[in-house]
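Got the viewer open? Here is a short walk through the model, one selection at a time.

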Amino acid sequence: LAYVITKTRVDLCPYQAPPSFRTSAMVNVPKEKNTLCAGRCKKHTPHKIGVYKAGARRDTALGQRRYVRKQKGFGGQTRPIFHKKAKVTKKTTLRMECTKCGAKHFKALKRAKKFECGAEKKQKKGAMLNY
């Protein structure tokens with residue numbers, strides 16, 4: 001919880017949600033969505049939606065070459081290996097591609113335990129099917 005410090009006392013911040021509400025359990029995103037194309041179109045067009053995946057690490061990158069050179073020979077591990085992982089979830093990034101001009105743009109979502117793209121929406125228990 002966030003605290004607001006005033007001159008006389010410390011109050012709970014009214015506009016910030018407690019930590020349990022900040023992470024949603026599941027996010028379901030449609031495979032196609034009508035949204036603004038910031039590329040050549042400059043208007044709302046249908047976009048294909050997918051999940052952004054980072055590319056493969058390059059062995060020829062300067063930092064990797066420097067790390068390999070430093071690791072050579074005797075002396076064991078030369079750089080720290082990160083072990084203190086604090087987060088349980090990762091932020092999902094959407095990759096949206098315009099179907100008209102092919103321009104791609106990205107949008108970061110909030111943290112979620114589970115992410116689905118294009119799954120059917122769940123019906124409520126008491127809801128009736130329309131025939």
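Start with salt bridges: a side-chain nitrogen of Lys or Arg has to lie within 4 Å of a carboxyl oxygen of Asp or Glu. By that rule the count here is 1 salt bridge. Select glutamate 116 and lysine 114, whose side chains meet in it at 3.6 Å, N to O. Side chains of opposite charge can pair when their charged atoms come close. Colour the two by accessibility, where buried means under 20% relative accessible area, exposed means over 50%, and partly exposed is in between (1.4 Å probe, protein chains only). Glutamate 116 is partly exposed because its relative accessibility is 22%, and lysine 114 is partly exposed too, at 46%.

A word on what you're looking at: this is a predicted model, in which local features need pLDDT of at least 70 and side-chain atom pairs count only at pLDDT 80 or more, while totals for chains, interfaces and linings use all residues. Residues are numbered from 1 along each chain as its sequence is written, and side-chain values use heavy atoms, with hydrogens and water left out.

Now zoom out and switch to cartoon. You should find 2 helices and 7 strands; these are DSSP runs numbered from the N terminus, with helices being H or I of at least four residues and strands being E of at least two. Trace the chain from the N terminus and the elements run β-β-α-β-β-β-α-β-β. Of the 131 residues, 11% count as buried.

Next, pick strand 7 (residues 104-117) and show phenylalanine 106. Which residue should you show with phenylalanine 106 to see the aromatic pair? Tyrosine 52: the ring centres are 5.4 Å apart and the planes sit at 80 degrees, so the pair is edge-to-face. The rule pairs rings of Phe, Tyr and Trp (its six-membered ring) if their centres lie within 6.5 Å; planes under 30 degrees apart are stacked, over 60 edge-to-face, and the rest tilted. By this rule there is 1 aromatic pair. It links distant parts of the chain, since tyrosine 52 is in the loop between strand 5 (44-51) and helix 2 (62-71), 54 residues from phenylalanine 106. Both rings belong to partly exposed residues: tyrosine 52 at 43% and phenylalanine 106 at 48%.

Stay on strand 7 and click arginine 111. Arginine 111 is partly exposed, with a relative accessible area of 23%. Draw a line from its C-alpha to that of alanine 25: the separation is 8.8 Å, with their positions 86 residues apart along the chain.

Hop to strand 5 for proline 46, which is partly exposed at 25%. Proline 46 and threonine 99 are 53 residues apart in sequence, yet 6.0 Å apart C-alpha to C-alpha.

In the loop between strand 4 (32-36) and strand 5, select lysine 42. What is notable about the phi of lysine 42? Phi is near 60 degrees, a positive value in a residue other than glycine. Lysine 42 is exposed, with a relative accessible area of 60%.

Last stop: show Arg58, Arg65, Arg66, Arg69, Lys70, Lys72 and Arg79 together, which gather in a surface patch of positive charge. Patch members have over 30% relative accessible area and no salt bridge, and like charges are joined within 9 Å. Among them, arginine 66 lies in helix 2 and is partly exposed at 40%.

Technical notes:
Patches are made of residues with over 30% relative accessible area and no salt bridge: like charges are joined within 9 Å, nonpolar side chains (Val, Leu, Ile, Met, Phe, Trp, Tyr) within 5 Å. Accessible areas come from the Shrake-Rupley method with a 1.4 Å probe; for residues, only the protein chains shown count as cover. Lys and Arg count as positive and Asp and Glu as negative; His and the chain ends are not counted. The place of a charge is taken as NZ of Lys, CZ of Arg, CG of Asp or CD of Glu.
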